[in-house]
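Student: I have a new structure to look at and would like to talk it through. Could you help me get my bearings?
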Amino acid sequence: MRENYTTVGDSASAEILIQKSRFIGHAARAETEQQAIEFIDSIKSIHRSATHNCSAYLIGEHDSVQKANDDGEPSGTAGFPMLEVLKKQGLKDTVVVVTRYYGGIKLGSGGLIRAYGKAVSAALSAAGIVERKLHHVMKTSIDYTWLGKLENEIRQSPYPLDHLEYTEGVDLFIHVPVEKEEEFINWINELTNGQAKTSIVTSEFLEFKAL
């Protein structure tokens, strides 16, 4: 399983006007090719009367699935430059569509490439970029006598406290970056004089706004 990657934070659209043509960029997250295709189809359904609905997407840890579609624009002037924007930004699991309503003025190959790239960038900016980081959910089991100190230390630490469960003792569930697992366990042991028991419950991604 991949540990960290960058993708769009939400689905969003943004419109730009170039030489009287409307270019509406749409961006969304897609973790499978089927999701990407469904998103593209949904945009085409909304913009049936558009001159073009060009698309591109990257799917998979190593971009194992990537497609670009010019949808009637001159070959290489729409889908490919759209895909290149995704690659240059290092995005994963992302699908984009640019809807064009022709305004009567031809842009030429260079103009089209710039226009479609600009529309994708606008859509990505509207959607927001996030970094997804793989974390272990660690369970730390302690006696009640350690709760006050340990909870206070964790809440002041960079490790997000998810929740607590009260049984014969107390179980604290904490998100820990996978690369910090050993460091976290050592830290907990130091705080509790080795009285805590810590184990991995599961792993999941947390999202952080990209700078």
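Tutor: Let us begin with a term: a nonpolar core is a set of buried Ala, Val, Leu, Ile, Met, Phe, Trp, Tyr and Cys residues joined through side-chain atoms within 4.5 Å. Please keep in mind that this is a predicted model.

Student: OK, so which residues of the largest nonpolar core touch the most other members?
Tutor: That core has 27 residues, and those touching the most other members are Phe23, Met82, Leu86, Val96, Tyr116, Val120 and Leu124. At least two residues each are supplied by the strands β2 (12-18), β3 (21-29), β4 (52-59) and β6 (94-101), and likewise by the helices α2 (79-88) and α3 (108-127). The largest share comes from α3, with eight residues.

Student: And what is Leu124 in contact with, leaving aside its neighbours within four places in sequence?
Tutor: Leu124 is in contact with Val8, Ala27, Val85, Leu86, Gln89, Leu91, Thr94, Val96 and Ile129. There is also a second, separate core of 17 residues, which includes Trp146, Leu150, Ile154 and Phe184.

Student: Switching topic, what are the overall dimensions, roughly?
Tutor: The C-alpha atoms fill a box of roughly 75 × 25 × 25 Å along the principal axes, and the radius of gyration is 23 Å, whereas a compact globule of 211 residues would have one near 17 Å.

Student: How many helices and strands are there?
Tutor: The protein has five helices and ten strands.

Student: Last one, how many positive and negative side chains?
Tutor: There are 22 positive and 29 negative side chains, and the centres of these two sets lie 12 Å apart.

Technical notes: Residues are numbered from 1 along each chain as its sequence is written. This is a predicted model: local features need pLDDT of at least 70, side-chain atom pairs count only at pLDDT 80 or more; totals for chains, interfaces and linings use all residues. Side-chain values use heavy atoms; hydrogens and water are left out. Buried means under 20% relative accessible area, exposed over 50%, partly exposed in between (1.4 Å probe, protein chains only). Helices (H or I, at least four residues) and strands (E, at least two) are DSSP runs, numbered from the N terminus. Contact means heavy atoms within 4.5 Å. The radius of gyration is taken over C-alpha atoms; the globule rule is 2.2 Å times the number of residues to the power 0.38. Lys and Arg count as positive and Asp and Glu as negative; His and the chain ends are not counted. The place of a charge is taken as NZ of Lys, CZ of Arg, CG of Asp or CD of Glu.
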